[in-house]
Structures are given as structure tokens and as C-alpha cells.
Amino acid sequence: MAATDRHDQAIGGQFSLIASALRRLEVLQIARCVTFLATVLAIWVSLRPYPDLTATDFTDVESGKFASTYITLGMLSIVAVALTASQNLKAFQSLITPAFLLLCCWIAINTLFSHDFSLSFQRLVLTVCVVALAASLLLLPHSQAELALWLSTAALILLALCYLGVLLAPTYSMHTAGDMFEEHLAGDWRGPFGHKNVAAPIMAMLIFVGLYLVSRKYLISGMAITGLSAVFLVFSGGKSAMGLCAVTLVLSSVVYALKSPWLRASVCFIPLFTLNALTVGSVFDNRLAEILKLLPIDTTFTGRSDIWEFAISSLALRPFLGYGFAAFWGTGSIEKLVKSDQFEWAASASHSHNGYLDTALTMGYPGLALIILIFVYLPLKDFNVAVRSGNAGPLAKLFMRLWLFGIYLSSMESFLLDRADPIWFTFLVAVFGLHYISRFRLMSEASAP
């Protein structure tokens, strides 16, 4: 009898250990899900949504000046890395490439010699937190099914907040004639974002997410996200985002169908080069400006040409080091450069409407070269590797679309390395996604990717 009791106790102890392990797994599963949703929504929606643009003391919520932003994203980055590092150490180690290390070193040098060291350092801290979050986000789900479910949940929550804002609080969800800046945008939808130029690109990116979900047989949520995002995109009035969204859908299908890496590069980069040549390039070269006049478009690009002219003349003064990491627009550097009434408006400008030009302004031409290498060239190389290894499924197509849209949008808007900017974060997740799928095979639904 005693032997039987001991045997029963041993079996009971084993079951207790198994039950305890299962409970721990369930807690970790919930923690991963909550961290994923909290991260995406904290950056997409921000901690202070629906800003009042009519307020005289209005400041950009994504600027990183609020302590709550630093604390929240800092804590989330620590939690996300802690939840993923032990099981995905090789994935994190794969990010330590020579190009990435060079960029880190150059940013450190650039920050050290910044015209405003404290501002550059402050913004660098937030950027590091966001990069850590983006690198960890795709490692939180243990399967593609979990990723699709969590991503659709986050997207539907964001869209619900967008439409509820327009219906219940239009003054805080739409541009109005009472806005302190750009009152001519009255009537354009912006949802919880601070500007329609942020809302529109995010809606375009959500269209890609919706199409991915449809391809994964999540028909109801996928079609809902695609449709709702498309409607919001139209009413936001974001012409650049609408046009680039359509271009991306067409070109991504062509790139996905092509077999030659050289042809893929041509399809991706020739439009990018042409777009920058006809925009910023027209300020550099009079011949390009004459070609631009022959096209049936606004040759000033709604006033952007003046901004580009000022930015280029400023860059000529500090072409190697630039003005410091994220330390040009809205800083004392501008006041020293404004020498005539022609550029008096520059003191209130927030960016140059071109991510590559802004990168050169803040980090010099070496910084721009590294950014182009890491965020323009290498992601396509990663996609080519994923295709050769048979890893280019719907998820790879989603990442490729988000990346392609991002590099084109950077020709018209500035979000590269822009701290907690939602466009930058989504683009960065796609870049990391292409990096991972080129090096690690996506496992079955029951296994960790």
C-alpha cells in the first residue's frame, strides 16, 4: 500500500508540474499578445490622440517631448525584448551586420557633434526604443496565425477609433478652418492623428495589411480592413498616399512575378530615382526643372520646392556631418540660416517633405548613404533571398509592399528615423520582417516562426 501511495504521489507530482508549466505558458502567451497590441496601438494611436489643432499651444505629440512617451515606449521595449530574446537570440544576433554597426557608429558621432547635443541625444533615446520594439514585434507571435489575428485586431481597433472620432468628435478628428496651421485643409479626415499626411499613409499601409489577411483566408476581417482603410484614405485627401498606394500595388505584383533580381531592382528603383529627380532634383538642375514644366502637374508640389531650395542651400554649409541627429527643423540652426524674408517661413517648418533630404541635413551625406544602403537596397536583397529559399509567401509580399510604399513616400514626406512616428515604425517593422524571412524559414502554424 505504501508503495502504491508513493507511486500515486509521484504521478500526481508530475501532473502538477505539467499543469504549472501550462499555466506559465498561458501567462506568457497573454503577455506576448498584450505587448504586441499595446506596442502597435501606442505608436499608431499615440498616447495623446485627437490633438486639438486650434489650440495656440499645440505641439506635435509624436515629437517625443512628453515624459509619458519615453516611459511607456521604454518600458514596452524592455518587456518586448525580454519576452522574445531567449527564444529568438539568433534572430537578434542576425541584426548585428556591418552596415548596421556602421550606422550606429555614425549616428553616435553625428549626435556628439550635433548643433544641439541635448536634443539629438534625447531624440536618439526614443528612436532606440522604437527600433527595439520594431525588431521584437514580429518575434512575439509564435505562429503566422497568431500574427494575423493580433494584427487584424490592432488594425480594427485603430479603424474603429478613426471612424468613431469622425462621427462623435469631428472637430478633433478632421482638419477645420480654425486650425492654427494649414486651415486650407478644412474637411480632410485625420482621425486620432495630428495631420492628414500621417493618417493617409497609415490607411494605405492598412490596405496592404487587409489584402494580406484576405490572402491568409481571413476574409471578413481582411475585407473590412481593406474597405474601411480605402474609404478613410479617400476622405483624408492624401493625394500622394493615394497615388503611391496604387503604384505600389501594381509594382509589387510585377516584382513578385519577376524571376530576375536585376529586373526587380529596375522596377523598384527606376521609379524611385525618377520621382526624386523630378522633385528635389529639379531644384539642383535647371534641365530637370524644364522637363518638369512640361508635365501637367503643380511644379511647386504645393510649395515644397521652396522648402527643398532652402534645405539644399543649408545642406551645402554642412555636407559631411550635417546639423545633428534630428536637430535641424524647429531648432536654433534655422534662425541662423534665415538671412532674408524669402525664407522667413522656414522657422516654423517641421520637415522638408523628403526623407532622404532630411537625412542628409541631419546626418550628412555619409549618413544618407548608410540609410539608402540599409533601408532601400538591402530589403530588396533580402526579398530576393527569401524568393530563392522558397520563403516568399503572403507575409513576404506584405513586407515588400510596406517597404516599397515607404521608400516612395520618403520622396514626398519625412519619416525616416523619426522617433515614434507611426509611418516610420510600420516601415521599420517591414524592413525587419524582410530581414528575418531571408534568414529564417517560416515554420508551420503550430510552431514558432
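This is a short tour of one helix and its neighbours, followed by two empty spaces in the structure.

**Before you start**

You are looking at a predicted model, in which local features need pLDDT of at least 70 and side-chain atom pairs count only at pLDDT 80 or more, while totals for chains, interfaces and linings use all residues. Residues are numbered from 1 along each chain as its sequence is written, and side-chain values use heavy atoms, with hydrogens and water left out.

**Stop 1: helix 17 and helix 11**

Select residues 394–409, which form helix 17. Helices here are DSSP runs (H or I, at least four residues), numbered from the N terminus. Now add helix 11, residues 261–278. Two packed helices are described by the angle between their axes and the distance between the axes. For this pair the angle is about 20° and the axes are 10 Å apart. Axes are lines fitted to C-alpha atoms over the stretch in contact, and angles run from 0 to 180 degrees between N-to-C directions.

How do helix 11 and helix 17 lie to each other? They are roughly parallel (angles under 35 degrees count as roughly parallel, over 145 as roughly antiparallel, 65 to 115 as roughly perpendicular and the rest as oblique). Show the side chains of Val267, Cys268, Phe269, Pro271, Leu272 and Leu275 on helix 11, then Trp403, Leu404, Ile407 and Tyr408 on helix 17: these make the contact (heavy atoms within 4.5 Å). By class, this contact has 10 nonpolar, no polar and no charged residues. Ala, Val, Leu, Ile, Met, Phe, Trp, Tyr, Cys and Pro count as nonpolar, Asp, Glu, Lys and Arg as charged, and the others, Gly among them, as polar.

**Stop 2: helix 16**

Keep helix 17 and select residues 355–388, helix 16. This pair packs at about 155°, with axes 11 Å apart, so helix 16 and helix 17 are roughly antiparallel. On helix 16, pick out Tyr356, Phe375, Val376, Pro379, Leu380 and Phe383, which meet Ala396, Met400, Trp403 and Ile407 of helix 17. The contact of helix 16 with helix 17 has 10 nonpolar, no polar and no charged residues.

**Stop 3: helix 10**

Next, select residues 239–257 for helix 10, whose axis is 9 Å from that of helix 17, at an angle of about 135°. That makes helix 10 oblique to helix 17. Among the helix 10 residues in this contact are Leu244, Thr248 and Ser252, and the helix 17 side includes Lys397 and Arg401. By class, there are 13 nonpolar, 3 polar and 2 charged residues.

**Stop 4: the largest cavity**

Rolling a probe the size of a water molecule over the atoms shows where empty space is left. On a 1 Å grid over the protein atoms alone, a cavity is a set of points where a 1.4 Å probe fits but cannot get out, and a pocket is an open set with protein on both sides within 12 Å along at least five of seven lines; lining residues have an atom within 4 Å of a point.

Select Trp44, Leu137, Leu151, Thr426 and Val429, which lie nearest the centre of the largest cavity among its 14 lining residues. By class, the lining has 13 nonpolar, 1 polar and no charged residues. Helix 17 is one of the helices that supply at least two of them.

**Stop 5: the second largest pocket**

Finish with Leu95, Phe100, Val131, Ile374 and Phe432, nearest the centre of a pocket lined by 31 residues. Which helix gives the largest share of this lining? Helix 4 does, with 7 residues; select 98–112 to see this helix.

Technical notes. Helix = DSSP H or I, 4+ residues; strand = E, 2+ residues; numbered from the N terminus.
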